[in-house]
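Please look through the sequence and the 3D structure shown here before reading the notes below.

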Amino acid sequence: MRGTTPVVSGTPGDGAQEGGSAADRATDGRDGPVDVAGAEPVWQGLPPAVLTLRRLLLVLSMVPLAVAAGLLLGLLVGPAWSAFAALPVGLLLWGWPLLGRNWRSWRYAERADDLLIQRGVLWREETVVPYGRMQLVEVESGPLQRKFGLASLQLHTAAAATDATIPGLDPREAERLRDRLTELGEARSAGL
């Protein structure tokens, strides 16, 4: 599957979709994209608020560390040692673009029989979750996620190794996905 997945043009969350005509994509009347036989999946990215939240957390962890390291080492050991405060600043400058690349790598697609989740920059990982194997679908939202209007979708399956998470969805999209996946899971498992 690794080499057959198309690359999304545009930024995740901006509505950009990969190749194919409108005839290749369809909806099933339940507000969500589904694939048509033989068509490539319609990939959805994470909203930009996920990137904003992650970068804010990076800044909130590295800036106080740099200030504390600079002050403590400068006062206790000597002014020359306060140069070690540059390490957290370097980590901040290194992590900023990496968070952007990681954010762009997350995407998911609903297909007729399963849900695809892709992530990873250097090591691409694709998780395929069959609807009939889903046992529990949870929507979680912590205090920071709620502040940024985000929620995470946690999928639990019969095999613990295939549990999957889609972090940082719009809460309405997370609830829509939860309801749709639960409905499809119940329909598929009834046929087993």
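The briefing that follows goes through a helix, a sheet and some side-chain pairs in turn.

This is a predicted model, and the points below should be read with that in mind. One helix, H1, covers residues 48–76, and four strands, S3, S4, S5 and S6, form an open sheet. A search of the whole structure finds one aromatic pair, and the charged end of arginine 107 sits over the ring of tryptophan 43.

**Helix H1 and its surroundings**

- Helix H1 has 29 residues, and the distance from its first C-alpha to its last is 42 Å, which is close to the 42 Å expected at 1.5 Å a residue.
- The buried residues of H1 are Val50, Leu51, Leu53, Arg55, Leu58, Met62, Ala66 and Gly70, and these pack against helix H2 (86–105), helix H3 (143–147) and strand S9 (164–169).
- Just after H1 comes glycine 78, which takes a positive phi of about 150°.

**Arginine 55, a residue of H1**

- Arginine 55 has a relative accessible area of 19%, and it counts as buried because buried means under 20%.
- Leaving aside residues up to four places away in sequence, arginine 55 touches Trp96, Pro97, Leu99 and Gly100.

**The open sheet**

- The strands of the sheet run in the order S3-S4-S5-S6, and their pairing is antiparallel.
- Strand S3 (44–45) and strand S6 (125–130) stand at the edges with a single partner strand each, so one side of each has no neighbour in the sheet.
- Strand S3 pairs with strand S4 (residues 107–110) in the antiparallel sense, over two bridges.
- Glycine 45 has arginine 107, in S4, as its bridge partner.
- Arginine 107 also has its charged end over the ring of tryptophan 43, at 4.3 Å from the ring centre.

**The aromatic pair**

- The one aromatic pair found in the whole structure is formed by tryptophan 81 and phenylalanine 84, which are stacked, with 5.5 Å from centre to centre and 20° between the planes.
- Tryptophan 81 has a relative accessible area of 43%, and it counts as partly exposed because this value lies between the 20% limit for buried and the 50% limit for exposed.
- Phenylalanine 84, at 42% relative accessibility, counts as partly exposed because its value lies between those limits too.

Note on methods
Residues numbered from 1 in each chain as written. Predicted model: local features only at pLDDT ≥ 70, side-chain atom pairs only at ≥ 80, totals over all residues. Heavy atoms only, no water. Buried < 20%, exposed > 50% of the residue type's maximum accessible area, 1.4 Å probe, protein only. Contact = heavy atoms within 4.5 Å. Pairing = 2+ DSSP bridges. Phe/Tyr/Trp six-rings, centres within 6.5 Å; stacked < 30°, edge-to-face > 60°. Lys NZ or Arg CZ within 6 Å of the ring centre and 35° of its normal. Expected span 1.5 Å × (residues − 1).
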